[in-house]
Amino acid sequence: MSTTPAPGTTPLTELPAWKALEQHAVTLKSAHLRDLFAEDPERATRFSLEAEGLFFDYSKNRITSVTLALLLDLAEQSGLREHIDAMFRGDRINVTENRSVLHVALRAPKSQKIVVDGVDVVAQVHAVLEKMSEFSSRVRSGEWKGFTGKRVRNVINIGIGGSDLGPVMAYEALKHYSQRDLTFRFVSNVDGTDFAEAARDLDPAETLFIVASKTFTTLETMTNANSARAWVLDKLGDPKAIASHFVALSTNAAEVSKFGIDTANMFEFWDWVGGRYSMDSAIGLSTMIAIGPESFRAMLAGFHSIDEHFRNAPLAENLPVLMGLLTVWYSNFFGAQTMAILPYDQYLKRFPAYLQQLTMESNGKSTTVSGTHVKYETGPVYWGEPGTNGQHSFYQLIHQGTRLIPCDFLGFMRSLNPLGDHHDILTANLFAQAEALAFGKTTDEVIAQGTPDWLAPHKTFEGNRPSNMILAEQLTPEVLGKLIALYEHNVFTQGVIWQIDSFDQWGVELGKVLAMRIVPELKSASPLQHDSSTNALIERYRNQKV
């Protein structure tokens with residue numbers, strides 16, 4: 001291995017491994033996966049890895065053993081191992097906000113200790129988990145009653161960003177394990193339609209709202225929460241009803257109490273957990289109510305198993321590290337701008353949307369931790385849909401379009417809903433798509449099958465389109481935890497290489513600040529002092545608002 005500079009002291013593009021990768025990429029760009037497989041009968045074995053119940057086949061990537069060695073050199077020269085250790089110690093690696101980054105503490109076993117500022121945060125986490133478990137059991141059993149004495153049959157989670165995307169993704173992913181006599185809905189958009197449709201057919205007397213806002217002042221969340229409060233009071237009348245129909249995920253006891261929620265029903269979380277990393281904290285209360293405390297803890301165990309793998313496995317045998325390095329490889333040396341997430345399980349239909357926030361809010365940065373502007377690409381666009389639906393929409397572009405789009409395929413050996421040949425057909429499509437992307441179909445092969453010469457170019461598949469295959473036995477709460485942690489640490493790996501802070505999100509602030517300025521302007525005739533376009537839009541809204 002090359003000599004490793006001290007982490008962060010050398011600009012990324014000046015690292016020896018980066019310069020070597022630039023030269024190496026020139027030769028790989030002309031190599032085809034057909035040839036790479038033909039030259040190496042053991043390729044599928046050499047470029048695959050199994051750990052913690054997940055099988056990772058990365059042989060269909062445009063890499064060789066030299067590529068892998070150089071990428072691992074880059075990880076070492078970037079101080080990846082030191083950064084991993086710093087995160088698990090609780091160091092303040094979120095530099096711009098001067099915070100620790102400890103989502104790993106949310107799933108640490110009770111026996112573990114992680115001390116931050118003299119406080120064992122693991123003990124705090126388990127205290128909240130116990131409180132969540134007790135409350136969830138009361139709701140699931142019917143012991144928790146609404147104001148009129150009726151049992152709760154509906155749970156509506158009100159949040160935004162990580163306070164919504166995590167819970168809704170987890171509910172959909174684990175719906176098979178949910179308590180089916182309870183209805184779960186999720187409200188995040190400040191568009192009134194979101195709340196109106198969520199509540200339209202429900203009885204307030206049987207509905208519990210979970211309001212997720214750390215400060216209890218988030219504009220979108222509190223706008224929806226106040227509408228929910230009015231909806232409940234319109235039916236039940238007495239303000240005392242609020243305490244029976246609302247609980248809070250927050251740290252602002254004063255505002256929670258002012259809203260009418262009993263602070264005994266306020267569930268805490270901490271500033272060392274970013275919203276997009278918080279679904280296994282109190283933010284996951286709706287998930288725990290849906291699947292029960294036991295299944296929730298199984299999910300946490302899945303998270304923890306990948307945490308320990310990421311923390312301890314050699315970089316060359318480390319699932320999140322390899323995934324992160326491959327993303328860097330395509331983003332920075334092949335010009336790939338997007339990444340497709342393609343789960344072949346209908347329960348994971350919201351998983352790509354969840355990963356959009358996790359990856360793009362984390363690594364959508366153009367400034368290094370030292371404050372300099374980056375000179376390379378960061379943060380690819382993540383997107384996707386479950387198979388086989390996507391095959392009949394955007395796969396055309398992946399197969400025959402002009403853009404290189406690396407793909408992550410996710411599949412399971414056994415279905416949660418065995419039905420005839422459905423799962424065999426689904427899995428056949430999963431494997432076939434990865435094969436077709438890698439090897440394609442040459443013009444000669446097309447003509448040999450009887451296609452006219454004039455039509456052959458249209459039916460030719462270039463191939464050489466890279467993909468990863470991630471397989472597990474079955475989608476369980478534990479496996480879902482493993483998959484989420486896999487991508488969390490994949491994102492962290494990318495951020496370390498790119499020398500950016502993956503845990504702040506200043507990019508969401510400016511629009512929110514300007515919106516707060518514009519809200520009162522929409523309701524008045526006050527003079528406007530924006531640019532000419534924004535002024536005209538506000539004036540148009542004022543004139544036509546009904």
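Start by selecting Ile 210 and Val 247: Val 247, in strand S8, is the bridge partner of Ile 210. Keep in mind that this is a predicted model.

**Stop 1: the S7–S8 pairing**

Now select Val 211. Its bridge partner in S8 is Ala 248. Widen the selection to both strands. S7 and S8 (residues 246-249) run parallel and are joined by 4 bridges.

**Stop 2: the other neighbour of S7**

Select strand S5, residues 154-158. S5 and S7 also pair in the parallel sense, over 5 bridges. For one of these pairs, pick Asn 154 and its partner in S7, Thr 207.

**Stop 3: the whole sheet**

Show the strands in the order S6-S5-S7-S8-S9. These 5 strands form an open sheet with parallel pairing. Which strands lie at the edges? They are S6 (183-187) and S9 (266-267), and each pairs on one side only. Strands of a sheet pair through backbone hydrogen bonds.

**Stop 4: the two faces of S7**

Go back to S7, residues 207-212, and turn on side chains. Are its residues mostly buried or exposed? Buried: 6 of 6. Thr 207, Phe 209 and Val 211 point one way, while Leu 208, Ile 210 and Ala 212 point the other way. Side chains in a regular strand alternate between the two faces of the sheet.

**Stop 5: the nonpolar cores**

Next, select Ile 289, Trp 329, Phe 351 and Leu 480. In the largest nonpolar core, of 129 residues, these four touch the most other members. Helix H20 (residues 477-498) gives the most to this core, with 12 residues. A second, separate core has 25 residues, including Phe 209 and Val 211 from the strand you just left, along with Ala 199 and Ala 225. Nonpolar side chains tend to be buried together in soluble globular proteins.

Zoom in on Leu 480. Beyond its neighbours within four places in sequence, Leu 480 is in contact with Met 169, Ala 170, Ala 173, Leu 174, Met 299, Leu 348 and Leu 475.

**Stop 6: the largest pocket**

Finish at the largest pocket, which holds about 1,200 Å³ of space. To find its centre, select Ile 160, Thr 218, Val 508, Glu 509 and Lys 512, which lie nearest to it among the 42 lining residues. Then colour the lining by class: 16 residues are nonpolar, 16 polar and 10 charged.

Which helices each supply at least two lining residues? Select H7 (162-173), H9 (219-236), H15 (351-363) and H21 (509-522). H21 gives the most, with 5 residues.

Terms used. Residues numbered from 1 in each chain as written. Predicted model: local features only at pLDDT ≥ 70, side-chain atom pairs only at ≥ 80, totals over all residues. Heavy atoms only, no water. Buried < 20%, exposed > 50% of the residue type's maximum accessible area, 1.4 Å probe, protein only. Pairing = 2+ DSSP bridges. 1 Å grid on protein atoms, 1.4 Å probe; cavity = no way out; pocket = protein on both sides within 12 Å on 5 of 7 lines; lining within 4 Å. Points joined across faces, edges and corners; volume = space filled by probe spheres on them. Nonpolar A, V, L, I, M, F, W, Y, C, P; charged D, E, K, R; others polar. Core = buried A, V, L, I, M, F, W, Y, C linked by side-chain atoms within 4.5 Å. Contact = heavy atoms within 4.5 Å.
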